[in-house]
Amino acid sequence: MIALPPVDGLFYTDDTEMMLGIVETLVACGKIDLSVLCHRFGLNYHPERGYGQGFGRIRSISSTG
C-alpha cells in the first residue's frame, strides 16, 4: 500500500483514493487484476471521502476476496 501522507490540512476525494488503488494494483501485478483492484479499493476506503452509492457493492466484493 502507498504510505498515507500526513493528514493535517490535506484532503482528497474518493476519485483520488480509487486512483491510488489502481496504481497500487498496477505496481503489484503489472496489469489490472480485478480481484486485487477490488481488494485495494476496500483496504483504501475512507467514508469521509464522499463515495457514491455504488461503492458499497465494491466493498462487499472486496471483503469476500
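How many disulfides does the structure hold? The structure, a predicted model, holds 0 disulfides. The legends below take up the overall fold and then individual sites.

**Figure 1. Overall view of the predicted protein chain, which has 3 helices and 0 strands.** Along the sequence, the elements follow the pattern α-α-α. The chain comprises 65 residues, 25% of which are buried. Among contacts with a separation of 6 or more, 38% are formed by residues 24 or more positions apart. The accessible surface amounts to about 4400 Å², and carbon and sulfur atoms contribute 61% of that surface.

**Figure 2. Close-up of the salt bridge between Glu17 and Arg49.** A search of the whole structure finds 1 salt bridge. The side chains of Glu17 and Arg49 meet at 2.8 Å, N to O. This pair connects distant parts of the chain, with the two positions 32 residues apart in sequence numbering. Glu17 belongs to helix H1 (residues 14–29), whereas Arg49 lies in the loop between helix H2 (34–44) and helix H3 (55–64). Both Glu17 and Arg49 are buried. Side chains of opposite charge can pair when their charged atoms come close.

**Figure 3. Close-up of Arg49 and the ring of Tyr12.** The charged end of Arg49 sits over the ring of Tyr12, at 4.0 Å from the ring centre. Arg49 is also the partner of Glu17 in the salt bridge. The view therefore shows a buried arginine whose relative accessible area is under 20% by the cut-off for burial.

**Figure 4. Close-up of the aromatic pair Tyr45 and Tyr51.** The count of aromatic pairs comes to 1. The ring centres of Tyr45 and Tyr51 are 4.8 Å apart and the ring planes stand at 40 degrees, so the pair is tilted. An angle from 30 to 60 degrees falls between the stacked and edge-to-face classes. Tyr45 counts as partly exposed because its relative accessibility is 23%. Tyr51, by contrast, has a relative accessible area of 15% and is therefore buried.

**Figure 5. Close-up of Thr25 and its surroundings in helix H1.** Thr25 has a relative accessible area of 0% and is therefore buried. Leaving aside residues up to four places away in sequence, Thr25 touches Gly30, Lys31, Ile32, Asp33, Val36, Leu37 and Arg40. Phe41 is 16 residues from Thr25 in sequence, and the two C-alpha atoms are 9.8 Å apart in space.

**Figure 6. Close-up of Met19, a further residue of helix H1.** Met19 is partly exposed, because its relative accessible area is 39%. The separation of Met19 and Phe41 is 22 residues in sequence and 9.2 Å in space, C-alpha to C-alpha.

**Figure 7. Close-up views of the cysteines Cys29 and Cys38.** Cys29 has a relative accessibility of 34% and so counts as partly exposed. Cys38, with a relative accessibility of 16%, counts as buried. The cut-off that separates the two classes is 20% relative accessible area. A disulfide is a covalent bond between the sulfur atoms of two cysteines. The structure holds 0 such bonds.

Technical notes:
Residues are numbered from 1 along each chain as its sequence is written. This is a predicted model: local features need pLDDT of at least 70, side-chain atom pairs count only at pLDDT 80 or more; totals for chains, interfaces and linings use all residues. Side-chain values use heavy atoms; hydrogens and water are left out. Helices (H or I, at least four residues) and strands (E, at least two) are DSSP runs, numbered from the N terminus. Buried means under 20% relative accessible area, exposed over 50%, partly exposed in between (1.4 Å probe, protein chains only). Contact means heavy atoms within 4.5 Å. Accessible areas come from the Shrake-Rupley method with a 1.4 Å probe; for residues, only the protein chains shown count as cover. A salt bridge is a side-chain nitrogen of Lys or Arg within 4 Å of a carboxyl oxygen of Asp or Glu. A disulfide is a pair of cysteine sulfur atoms within 2.5 Å. Rings of Phe, Tyr and Trp (its six-membered ring) pair if their centres lie within 6.5 Å; planes under 30 degrees apart count as stacked, over 60 as edge-to-face and the rest as tilted. A charge sits over a ring if NZ of Lys or CZ of Arg is within 6 Å of the ring centre and within 35 degrees of the ring normal.
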